[in-house]
Amino acid sequence: MSAVAEGCVIGVDLGGTKLLAGAVDADLTVHHRTNRPVLGLDQMELVEMIAHAVEGVRTSVGGDVAAVGFGIPCTFDSRTGKAVQAVNLPLHDIRFAEIMAERLELPVVVDNDANCAVLAEARAGAAAGCSDVALLTIGTGIGGGLVLNGEVYRGFAGGGAELGHMVVDMHGRPCQGNCPNWGCLESVASGSALVREASLAVARSPDTELGRALEEGRELTGPMITGLARDGDPVARGAIEVVGRALGVGVANLVNIFNPEVVVIGGGVSEAGDLLLDPAREVMRRRALRPGVDEVRVEAAAFGAEAGMIGAAILARERPPGFPLAAEPGSSSAVA
Ligand SMILES: [Zn+2]
């Protein structure tokens, strides 16, 4: 193995509210991390912020970086190399890999954030050694990733696998952000849905820690709800259970359609652990078909909220030949 391959690559996971970037070595050890908020930025500001975050990580590890991998919450078109549509961020129709390769003067690979997460979990995480894996990453929205027959499945043109936008209620509420659909899993089981559910529950039962925190002027957020739930707050636990049961309906669909060996649940909301997963497992067991339901495991992501970043780093290290969403510095004339 060459000296470069033994060094670090940078993995970046872009979410609906924050960016996580880290320098990752060949053993998947993370050597330096940075976190940046992304709320309120337009597309060009977002691109600038991401480039700055990567440069900061690169400097902190002495500049010796072989490539950068990006997991971004977007659909892609592998025929044009463009990131096409994001539900929860202002990214659309952008040559993301080419722009970043020019800006950073490094080889760049880009994929959907949940595709990166399922790659990490199937290689070395909760689904290590499994050939058929479904993953839901639950943050601001719900990302989806599939490994089928040992390969990440991206669909005909690179638009798959948006598992968070499967409809679980045809007459349900409008979905979030730029999604034109109604009743998507994302609308009832995302971090945003958790915040909505908790705010309804706390209005009915204001006399717990959660209600007191709001009275003190704290903002209701996913991390706050999961933290209080882990400390035993009954209202926070109830809200997570409602979201977990909705999640179970989505997981039952995945079990019926794909017959995965493992369904991995990642993203910030998965920090709730079995408070979220037990209701999901119970609903899935009552709804899914045999034989898929008999052996499937529903597990929290082993890499936790870092699965996307680790998967992006794996992609950057491997840079699969012919991968359509990749760019080298100096190879493009179409950079804005
Ligand atoms: Zn949707």
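**Figure 1. Pairing of strands S8 and S14 in the predicted model.** Val-109 stands opposite Ala-326, a residue of S14. The two strands S8 and S14 run antiparallel and are joined by 2 bridges. This view, like those that follow, is taken from a predicted model. With S4, strand S8 forms 5 bridges, and here the strands run parallel. Within this second pairing, Val-68 is placed opposite Val-108 of S8. Because 5 of the 5 residues of S8 are buried, the strand is largely enclosed by the rest of the structure. As a general point, strands of a sheet pair through backbone hydrogen bonds, either parallel or antiparallel.

**Figure 2. The open sheet of 6 strands.** The strands follow the order S3-S2-S1-S4-S8-S14, and their pairing is mixed. Strand S3 (30-37) and strand S14 (326-327) are the edge strands, each pairing on one side only. Strand S2, residues 18-24, pairs with S3 in the antiparallel sense over 7 bridges. In this pairing Gly-22 stands opposite Arg-33 of S3. Helix H4, residues 113-124, packs on the sheet, where it touches S1, S4 and strand S8 (108-112). The direction of H4 makes about 95° with that of S8. Helix H2, residues 43-60, lies across strand S1 (8-14), S2, S3 and strand S4 (65-72). Relative to S3, helix H2 runs at about 155°.

**Figure 3. Helix H3 and its surroundings.** Helix H3 spans residues 96-104, and its buried residues are Phe-96, Ala-97, Ile-99, Met-100, Ala-101 and Leu-104. The elements that cover these buried residues include H2, S4, strand S6 (82-85), strand S7 (92-94), S8 and S14. Just after H3, Glu-105 adopts a positive phi of about 55°.

**Figure 4. The surroundings of Thr-75.** Thr-75 belongs to strand S5, which covers residues 75-77. Its relative accessibility is 18%, so Thr-75 counts as buried, the limit being under 20%. Leaving aside residues up to four places away in sequence, Thr-75 touches Lys-82, Ala-83, Val-84, Gln-85, Gly-159 and Glu-162.

**Figure 5. The zinc site.** Four protein donors bind the zinc ion: His-165 through ND1, and Cys-175, Cys-179 and Cys-184 through SG. These donors lie 2.0 to 2.4 Å from the ion. The angles among the 4 donor atoms are 103 to 118°, and the site is tetrahedral. Along the sequence, the donor residues are spaced H-x9-C-x3-C-x4-C. Both His-165 and Cys-184 lie in the loop between strand S11 (151-152) and helix H5 (185-189), so this pair ties together parts that are 19 residues apart in sequence. His-165 counts as buried at 16% relative accessibility, and Cys-184 is buried with a relative accessible area of 0%.

**Figure 6. The open sheet of 5 strands and helix H10.** This sheet has the order S11-S10-S9-S12-S13 and mixed pairing. S11 and strand S13 (297-300) stand at the edges with a single partner strand each, so one side of each is left without a neighbour in the sheet. Strand S12, residues 262-266, pairs with S13 in the parallel sense over 4 bridges. Ile-265 has Ala-300 of S13 as its bridge partner. Helix H10, residues 274-287, lies across strand S9 (133-138), S12 and S13, and runs at about 165° to S13. Arg-285 is found in H10. This residue is exposed, with a relative accessible area of 54%.

**Figure 7. The chain as a whole.** The chain contains 12 helices and 14 strands. Its C-alpha trace spans about 60 × 50 × 35 Å along the principal axes. The radius of gyration of the chain is 20 Å, which agrees with the value near 20 Å for a compact globule with 336 residues. Of these 336 residues, 54% count as buried. Among contacts between residues at least 6 apart in sequence, 65% join residues at least 24 apart. One separation across the chain is that of Arg-285 and Ala-53, which are 232 residues apart along the chain and whose C-alpha atoms are separated by 43 Å.

Definitions and conventions. Residues are numbered from 1 along each chain as its sequence is written. This is a predicted model: local features need pLDDT of at least 70, side-chain atom pairs count only at pLDDT 80 or more; totals for chains, interfaces and linings use all residues. Side-chain values use heavy atoms; hydrogens and water are left out. Donors are N, O and S atoms within 2.8 Å of the metal (3.2 Å for Na, K and Ca); water is not among the atoms, so sites may look incomplete. Four donors count as tetrahedral if all angles lie between 85 and 135 degrees; four count as square planar and six as octahedral if opposite donors are over 155 degrees apart and all others between 65 and 115; anything else is irregular. Buried means under 20% relative accessible area, exposed over 50%, partly exposed in between (1.4 Å probe, protein chains only). Two strands pair if DSSP finds at least two bridges between them. Contact means heavy atoms within 4.5 Å. Axes are lines fitted to C-alpha atoms, for helices over the stretch in contact, and angles run from 0 to 180 degrees between N-to-C directions. The radius of gyration is taken over C-alpha atoms; the globule rule is 2.2 Å times the number of residues to the power 0.38.
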